[in-house]
Amino acid sequence: LTRLTVKDGLCLALWPGWICPPMGLVLLFVFRAASVTEKCNRVPALVNSWMLEARQIDHARQYLVQFVKHSDSGFYVKGVRLNATLGLKLMYLFGVMIFS
C-alpha cells in the first residue's frame, strides 16, 4: 500500500475544482441545444393548428406538417440528435467521472 502525502491529498481535492467549470459549460450547451430540439418537436402541431381558410381539411397544410415532421429537425452533433435524454445521460457520465 502506498501512503498519500499532503501534496497528493491536495491534488485530489483540487481536481474536481478545476474540472467542474468546463463540464458545467458543456452541460449548459448540451441542455440549451436539447431545448432547441424539444421545441422543434412541437412545430408540426403548431403548423397543424393554423386555420388560414375555412376548409376543414387543407391538403397543402397537411403536406407542410408531414414535411416538417419527416425532416426531423433539431440540433445535431456528428449525426447524433441532441435531446434531453442525451443531456441527462451525459450529466450522469460526468458525475461518475468526477466522483469516482
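**Figure 1. Cysteines in the predicted model.** Zero disulfides turn up when the whole structure of this predicted model is searched. A bond of this kind is covalent and links the sulfur atoms of two cysteines. Cysteine 20 has a relative accessible area of 35%, so this residue is partly exposed. Cysteine 40 is also partly exposed because its relative accessibility is 21%, and the cut-off for a buried residue is under 20%.

**Figure 2. Order of the secondary-structure elements.** The protein chain contains four helices and two strands. Read from the N terminus, the order of elements is α-α-α-β-β-α. The globule rule gives 13 Å for 100 residues, whereas the radius of gyration of the protein chain is 23 Å, well over that value, so the chain is more spread out than a compact globule.

**Figure 3. Extent of the chain and its contacts.** Along the principal axes, the C-alpha atoms of the protein chain fill a box of roughly 80 × 20 × 15 Å. Of the contacts between residues at least 6 apart in sequence, 70% join residues at least 24 apart.

**Figure 4. Surface and burial.** Of the 100 residues in the protein chain, 17% are buried. The accessible surface of the chain is about 8100 Å². Carbon and sulfur atoms account for 70% of that surface.

**Figure 5. Charged side chains.** The protein chain carries 11 positive and 5 negative side chains. The centre of the positive set and the centre of the negative set lie 8 Å apart.

Definitions and conventions
Residues are numbered from 1 along each chain as its sequence is written. Side-chain values use heavy atoms; hydrogens and water are left out. The radius of gyration is taken over C-alpha atoms; the globule rule is 2.2 Å times the number of residues to the power 0.38. Buried means under 20% relative accessible area, exposed over 50%, partly exposed in between (1.4 Å probe, protein chains only). Contact means heavy atoms within 4.5 Å. Accessible areas come from the Shrake-Rupley method with a 1.4 Å probe; for residues, only the protein chains shown count as cover. Lys and Arg count as positive and Asp and Glu as negative; His and the chain ends are not counted. The place of a charge is taken as NZ of Lys, CZ of Arg, CG of Asp or CD of Glu. A disulfide is a pair of cysteine sulfur atoms within 2.5 Å.
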